[in-house]
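Biologist: Please take a close look at a single part of this model, the nonpolar core and the side chains that go with it. Set it in the whole chain before going into detail.

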Amino acid sequence: MAIRNQLQMLDFFGDYYYYSAFGQQKFDSASKYYLLAREFIVEHGFYGYFESDNYHGLANVYRRLGQKDSAEKYFQKCLTLAEEAKNYGVIYSLYLDKAETLEEKKKFKEALELKKEAYKYVQASGFIEFIARADHQLYLTYKAVGDYANALNYYEKYNLAQDSMKKEAAAGRYAELEAKYNAKEKEDEIIRLQNENLQQARDYLFWILIIGAVLLAFISWLNLRLRRKNAE
């Protein structure tokens with residue numbers, strides 16, 4: 001587990017220096033961490049998902065560094081492994097990241113083809129959040145190429161997915177509250193039954209004491225009567 005955590009940290013630092021969302025975009029640093037992660041994968045046998053995801057990072061960073069041959073090599077390696085393992089999320093990200101670099105160069109038609117290819121995989125994943133993101137990406141690119149009919153189509157799909165996710169989230173919150181309410185009711189019922197049992201035990205003990213006291217008094221009276229007779 002500790003080794004896996006180290007691998008995930010190396011991959012995270014690669015992403016940290018690669019993706020613009022983190023505000024760094026130091027591609028030399030990103031490649032350094034992705035290559036360290038690659039060494040970890042080979043040394044400790046972390047193949048499958050980890051290897052395909054690492055190839056994805058290397059394809060991205062080499063593309064940014066202008067090393068087209070290396071970028072394409074790792075792109076194909078990632079695609080092959082991810083398809084074998086049916087890691088559709090990795091494939092979607094692989095195509096999308098490549099498309100974004102093309103869009104930065106205003107190559108919207110080429111980017112559109114990649115995003116359309118990515119869309120096939122994201123639909124196969126069945127994850128509504130991924131599909132919504134893909135709808136939004138296609139909307140932006142169709143809009144950029146001037147295909148407003150398709151742009152509108154994917155924008156509407158995106159909004160429907162957003163509404164669906166909101167309803168799903170609301171249903172989840174409702175189910176959570178209902179579960180808590182039911183749990184509270186069960187807890188209250190258990191406490192009520194415990195109190196009833198405790199009260200019954202107290203009542204039982206009270207009557208035992210009463211009966212014991214009566215028996216003791218009766219035995220004392222018999223003993224006193226016997227003494228008097230003996231005395232007579």
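Modeller: A helix here is a DSSP run of H or I with at least four residues, a strand is an E run of at least two, and numbering starts at the N terminus. The model is predicted. By that count the protein has 8 helices and 0 strands. Along the sequence the pattern reads α-α-α-α-α-α-α-α.

Next, the overall numbers. The protein has 232 residues, and 31% of them are buried. Its exposed area is about 15500 Å², with 56% supplied by carbon and sulfur atoms. Take the contacts between residues at least 6 apart in sequence: 49% of these join residues at least 24 apart.

Now the core. The largest nonpolar core holds 46 residues, and Leu7, Val61, Leu79, Tyr95 and Tyr119 have the most contacts inside it. Two or more residues come from each of these: helix H1 (2-18), helix H2 (27-44), helix H3 (49-64), H4, H5, H6, helix H7 (128-145) and helix H8 (148-231). The top contributor is H5, which gives 8 residues.

Tyr119 deserves a look of its own. Beyond its neighbours within four places in sequence, Tyr119 touches Ile131, Ala134, Asp135, Leu138, Tyr154 and Lys157.

Then the rings. The whole structure contains 19 aromatic pairs. One of them joins Tyr18 and Tyr19: the ring centres are 4.8 Å apart and the planes stand at 90°, so the pair is edge-to-face. The cut-off for that class is over 60 degrees. The two partners are covered to unlike degrees. Tyr18 has a relative accessible area of 3%, so Tyr18 is buried. Tyr19 has 24% and therefore counts as partly exposed.

A second pair is Phe75 with Tyr95. Their centres lie 5.6 Å apart with planes at 80°, so this pair is edge-to-face. Phe75 sits in helix H4 (residues 68-85) and Tyr95 in helix H5, so the pair ties together parts 20 residues apart in sequence. Burial means under 20% relative accessible area. Phe75, at 3%, is therefore buried. Tyr95, at 9%, is buried. Phe75 has another partner: Lys98 lies over its ring face, 4.5 Å from the ring centre.

There is also a cluster. Ring pairs connect Phe12, Phe13, Tyr16, Tyr17 and Tyr33.

Two polar residues complete the picture. The first, Glu103, belongs to helix H5 (residues 88-104). Its relative accessible area is 17%, so Glu103 is buried. The Glu103 side chain makes a polar contact with the side chain of Lys115, at 3.1 Å. Setting aside neighbours within four places in sequence, Glu103 is in contact with Phe108, Ala111, Lys115 and Thr141.

The second is Ser125, in helix H6 (residues 108-125). Its relative accessibility is 17%, so Ser125 counts as buried. With neighbours within four places left out, Ser125 is in contact with Tyr88 and Phe130.

To pull the threads together: H5 gives the most residues to the core. Tyr95 is among the residues with the most contacts inside that core, and its ring pairs with that of Phe75. Glu103 is placed in H5, and its side chain makes a polar contact with that of Lys115.

Note on methods. Residues are numbered from 1 along each chain as its sequence is written. This is a predicted model: local features need pLDDT of at least 70, side-chain atom pairs count only at pLDDT 80 or more; totals for chains, interfaces and linings use all residues. Side-chain values use heavy atoms; hydrogens and water are left out. Buried means under 20% relative accessible area, exposed over 50%, partly exposed in between (1.4 Å probe, protein chains only). A polar contact is a pair of N or O atoms within 3.5 Å; within protein, one must be able to donate a hydrogen and the other to accept it, and residues adjacent in sequence count only if both atoms are side-chain atoms. Contact means heavy atoms within 4.5 Å. Accessible areas come from the Shrake-Rupley method with a 1.4 Å probe; for residues, only the protein chains shown count as cover. Rings of Phe, Tyr and Trp (its six-membered ring) pair if their centres lie within 6.5 Å; planes under 30 degrees apart count as stacked, over 60 as edge-to-face and the rest as tilted. A charge sits over a ring if NZ of Lys or CZ of Arg is within 6 Å of the ring centre and within 35 degrees of the ring normal. A nonpolar core is a set of buried Ala, Val, Leu, Ile, Met, Phe, Trp, Tyr and Cys residues joined through side-chain atoms within 4.5 Å.
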